[in-house]
Amino acid sequence: MNLPFEPQRQTRDYQASDAAHHIHAFVDQKALNAEGPRVMVRGEGLYLWDSEGKRYLDGMSGLWCTQLGYGRKDLTAAAAAQMDQLAYYNMFFHTTHPAVIELSELLFSLLPGHYSHVIYTNSGSEANEVLIRTVRRYWQVLGKPQKKIMIGRWNGYHGSTLAASALGGMKFMHEMGGLIPDVAHIDEPYWYAQGGELTPAEFGRRCALQLEEKILELGAQNVAGFIAEPFQGAGGMIFPPESYWPEIQRICRQYDVLLCADEVIGGFGRTGEWFAHQHFGFEPDTLSIAKGLTSGYLPMGGLVLSKRMAEALVERGGVFAHGLTYSGHPVAAAVALANLKALRDEGIVRQVKDDTGPYLHKLLHEVFGNHPLIGEIQGTGLLAALQFVEDKGTRKRFANENDLAWQCRTFGFEEGVIIRSTLGRMIMAPALVASHAELDELVDKTRIAVDRTARIAGKL
Ligand code: PXG
């Protein structure tokens, strides 16, 4: 064991109890029970240790959220101090508290100037639930209550609760009780898989024009908002062509449809900008945030509103019948404040943009630029996807690309690196504090996992 601690129980004992009590996320539970999940017991910086003492470089920041890495003493100290002082209070019935006020001051100092208000939640799914009601309320206040329909994208991901999964475009989630009325979807801008003979720019415009067609089909007078991730995360870390966002923005403005960016993954420095919409250069009306807001140390999310929306809701809206027990929870707020201060004061976001992001992408292009299994390298900042391909000339993908990617992920675990597999793409999103040496290790171990996968795919 290379551990500075001893796990308190045997791995098998943890696994048996886990199997007895848990339904895990997105998994065949019976199969997982037979295999037994890895039991993670410690984290420090970019590294995790499991109950067997094996060390992993976490190339996914947990679930795209531990911007500062694990084990930050300033965050634990902020939580402990706030717990001592005021462990809980709320924002109901005419009360507030300093932790949430100070967090919002800092949050809005980091955001572009046209945002002014936020409704805090405990998660990204909740942020998107709140989004639907807030957007509909906004149109009611403006005297257009029939504007109710939300348009999302196929293969988008906005969370796992009922309305959030309906906004998302994962059909297998819809089939498991995940649909609500007044939601529609358009295609995702995934050029590599769906672009055919079109250039990326042509394809980006084509995908954006689907929004216009959908709005006209539904009637602009019925459409409340369009929600999308600036780049798709869970759906494969897909970056739209450059032509996409300007056209989407034009269409939303033209038809008076709110542009709602889901920044749950893209927010808080991931792309080298504070928010991913800044990287792509568009101006959403709302931002759904979570994950990196607290570096994942405590659950917290929120819905950020533009001044225009907030002004209507505050000045003309009267009572908004909405509230969560834990909105702006003081301990989560104190941790978020410490987290954002660290990201700002240690220059971490700038470092991702100017130094570590370009360093990672240079490495990836050196190692995978001519790799027989990799057809495309996408991403920016500390965010990258490697596309598996069977035939580079035609961009033909493997029929079993999902299995190959899962196999690659398993090889990664064996090599001591955690990378994420999605349909035929391998994703990395390491903590924003990653050093050059850690990025070297991430790419090197990923290369071993990809080479092993290439061998079973007959490409090496
Ligand atoms: N929006 C986006 C864009 C997300 O990625 C959510 C909303 C929901 O957030 P909560 O906090 O309710 O989970 C997410 C969550 C993956 C993975 O494997 C991605 C997410 C969650 C779990 C796994 O890619 N994203």
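Helices and strands are counted here as DSSP runs, a helix having at least four residues and a strand at least two, numbered from the N terminus. By that reckoning, the protein chain in this predicted model holds 17 helices and 15 strands.

Let's start with the overall form. The C-alpha trace of the protein chain spans about 60 × 60 × 45 Å along its principal axes. For a chain of 460 residues, a compact globule would be expected to have a radius of gyration near 23 Å, and the protein chain, with 22 Å, agrees with that. Buried residues account for 55% of the 460 residues.

Now step inside and look at the aromatic rings. Twelve aromatic pairs turn up in a search of the whole structure. One of them joins tyrosine 56 and phenylalanine 413, whose ring centres are 5.4 Å apart with 70° between the planes, an edge-to-face arrangement. Follow the two partners back to their elements: tyrosine 56 belongs to strand 3 (residues 55-58) and phenylalanine 413 to helix 16 (residues 401-415), so this pair ties together parts that are 357 residues apart in sequence. Tyrosine 56 and phenylalanine 413 are both buried.

A contrasting pair is made by tyrosine 88 and tyrosine 89. Their rings are tilted, 6.2 Å centre to centre and with 50° between the planes. Tyrosine 88 has 31% relative accessibility, so it counts as partly exposed; tyrosine 89, at 40%, also counts as partly exposed. The reasoning rests on the cut-offs, because buried means under 20% relative accessible area and exposed means over 50%, with partly exposed in between. Add Tyr326 to Tyr88 and Tyr89 and you have one aromatic cluster.

Rings also meet charges in this model. Have a look at tryptophan 139: the charged end of lysine 147 sits over its ring, 4.8 Å from the centre. Tryptophan 154 has a lysine of its own, with the charged end of lysine 171 over the ring and 4.6 Å from its centre.

Finally, let's come out to the surface. Here Phe26, Phe172 and Met176 make up a nonpolar patch, and together they have about 390 Å² of accessible area. To place one member of the patch in the fold, find helix 8 (residues 171-174), where phenylalanine 172 lies. Is phenylalanine 172 exposed or partly exposed? Its relative accessibility is 43%, so phenylalanine 172 counts as partly exposed.

How values were computed
Residues are numbered from 1 along each chain as its sequence is written. This is a predicted model: local features need pLDDT of at least 70, side-chain atom pairs count only at pLDDT 80 or more; totals for chains, interfaces and linings use all residues. Side-chain values use heavy atoms; hydrogens and water are left out. Patches are made of residues with over 30% relative accessible area and no salt bridge: like charges are joined within 9 Å, nonpolar side chains (Val, Leu, Ile, Met, Phe, Trp, Tyr) within 5 Å. Accessible areas come from the Shrake-Rupley method with a 1.4 Å probe; for residues, only the protein chains shown count as cover. A salt bridge is a side-chain nitrogen of Lys or Arg within 4 Å of a carboxyl oxygen of Asp or Glu. Buried means under 20% relative accessible area, exposed over 50%, partly exposed in between (1.4 Å probe, protein chains only). Rings of Phe, Tyr and Trp (its six-membered ring) pair if their centres lie within 6.5 Å; planes under 30 degrees apart count as stacked, over 60 as edge-to-face and the rest as tilted. A charge sits over a ring if NZ of Lys or CZ of Arg is within 6 Å of the ring centre and within 35 degrees of the ring normal. The radius of gyration is taken over C-alpha atoms; the globule rule is 2.2 Å times the number of residues to the power 0.38.
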